[in-house]
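Me: I'd like to practise reading pockets and cores with you. Could we go through them one by one?

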Amino acid sequence: MNIRLIAADMDGTLLDSRKQLPEGLFPLVRALHERGVRFAPASGRQFYTLYEQFGEIADELMYISENGAMICDGSECVGFSAMPREVVLDAIERVRTLPGVYMVISARSGAFYEKNSSAEAVRNFNMYCARCTEVPDLAEFASREPICKVALFCAGRAEQVLMPAFAGFAGRAQLALSGTDWVDLMRTGVSKGGALEELCGTLGITTADCMAFGDYLNDIELLRTAGESYAMANAHEQLAALAKY
C-alpha cells in the first residue's frame, strides 16, 4: 500500500455531532503532507465553506466540493462542471410546485437562493455555504450564470419526497441523496469518485494510491474509486456493503 491521497467526507464522517473538526487534525494533516500524502475534504458542501473551515492549513489541501462538481487545489479551482442550463431552469420550476421544498444553486462565485425561501431552509443554506446570497429570481440568475449544482432541501424527507419528485431528472442530471434533508443535482457523470480520479491525474498517481472515508449515498462513487475504502459505523447500509472496511 502506497497511499498518496486521503479523501474524507465531512458531515457524518470527519465532523462530529456539533459539526466540529476533530482535535489534532491540523497537525496530522501537516505531518502527512510532509510525507508526500495529500488530504482532500470530499463534500457536498461549498468550496468556500470548506476552505474557511480548514483555516491555517486551507492552502495545503485539495478539495472535492459540491459533490465533485467543483475541484480545487488550495485556493485554485482546477475543475468546474457546469450543468446544462435547461436542466437547472426545469429544476427551479419543479421546486416551485412542491410545498415545503426549497433550493440553493451553486455558481463559481458562491451559492444563491430565492427570497421566498423559508427561515429553516435559509438557516440550512447558510450552514453549508459560507458565501450564500438571496436573489429575487433564481431562474433569471441561472439564465446568465453557469451553475454546477442544484441543492434541494426538504426537512427530514429527502428520500421520501425529493427523490421521487425528481426521479424524472435521472436521465438529464446526476442525482445524489446527500442526507436526510438534501438531494443534489449535478451534471450527468459528476461524482466525488470522478473528482477523485481528476485529482489523481493532477498528482500523477492512480486511484489505487487513494484512501477514502464516507457515510452516505453520495459517497458511493468515492469509495468505489479509492483503492482503500472505509465506511463509518453510522454509514447507510448500501455504503457499508460496498466498502472494504
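Me: Let's start with the lining of the largest pocket: how many nonpolar, polar and charged residues does it have by class?

Reply: Happy to help! A general idea comes first: rolling a probe the size of a water molecule over the atoms shows where empty space is left. In this predicted model, the lining of the largest pocket has nine nonpolar, ten polar and ten charged residues. The pocket has a volume of about 520 Å³.

Me: Which residues lie nearest the centre of the largest pocket?

Reply: Of its 29 lining residues, those nearest the centre are Asp11, Tyr128, Ser178, Gly179 and Trp182. Two or more lining residues come from each of α1 (10-14), β6 (102-107), α5 (119-128), β9 (149-153) and β11 (182-186). The largest share, three residues, belongs to α1.

Me: And what is the volume of the second largest pocket?

Reply: The second largest pocket has a volume of about 230 Å³. It is lined by 16 residues, with Gln174, Leu175, Ala176, Leu217 and Asn218 closest to its centre. Helices α7 (158-165) and α9 (220-225) and strand β10 (174-177) are the elements that each give two or more residues to this lining. Strand β10 has the largest share, four residues. By class, the lining has eight nonpolar, four polar and four charged residues.

Me: Now for the interior. Which residues of the largest nonpolar core touch the most other members?

Reply: That core has 53 residues, and Met103, Ile105, Val150, Leu152, Phe166 and Leu185 touch the most other members. Helix α4 (residues 85-95) gives the most to this core, five residues. For a close look, take Leu185: leaving out residues up to four places away in sequence, its contacts include Met83, Ala91, Val150, Leu152, Phe166 and Phe169. There is also a second, separate core of 28 residues, with Phe39, Cys72, Met186 and Met211 among them.

Me: Why do the buried residues of α4 lie on the same side of the helix?

Reply: Here is the general idea: an α-helix has 3.6 residues a turn, so residues three or four places apart point the same way. In α4 the buried residues are Val87, Val88, Ala91, Ile92 and Val95. They cover an arc of only 140° around the axis, so they sit on the same side of α4.

Me: What do the buried residues of α4 pack against?

Reply: They pack against strands β6, β9 and β11, and against helix α6 (138-142). Ala91, one of the buried residues of α4, is also among the residues that Leu185 touches.

Terms used
Residues numbered from 1 in each chain as written. Predicted model: local features only at pLDDT ≥ 70, side-chain atom pairs only at ≥ 80, totals over all residues. Heavy atoms only, no water. 1 Å grid on protein atoms, 1.4 Å probe; cavity = no way out; pocket = protein on both sides within 12 Å on 5 of 7 lines; lining within 4 Å. Points joined across faces, edges and corners; volume = space filled by probe spheres on them. Nonpolar A, V, L, I, M, F, W, Y, C, P; charged D, E, K, R; others polar. Core = buried A, V, L, I, M, F, W, Y, C linked by side-chain atoms within 4.5 Å. Buried < 20%, exposed > 50% of the residue type's maximum accessible area, 1.4 Å probe, protein only. Contact = heavy atoms within 4.5 Å. Arc of directions from axis to C-beta.
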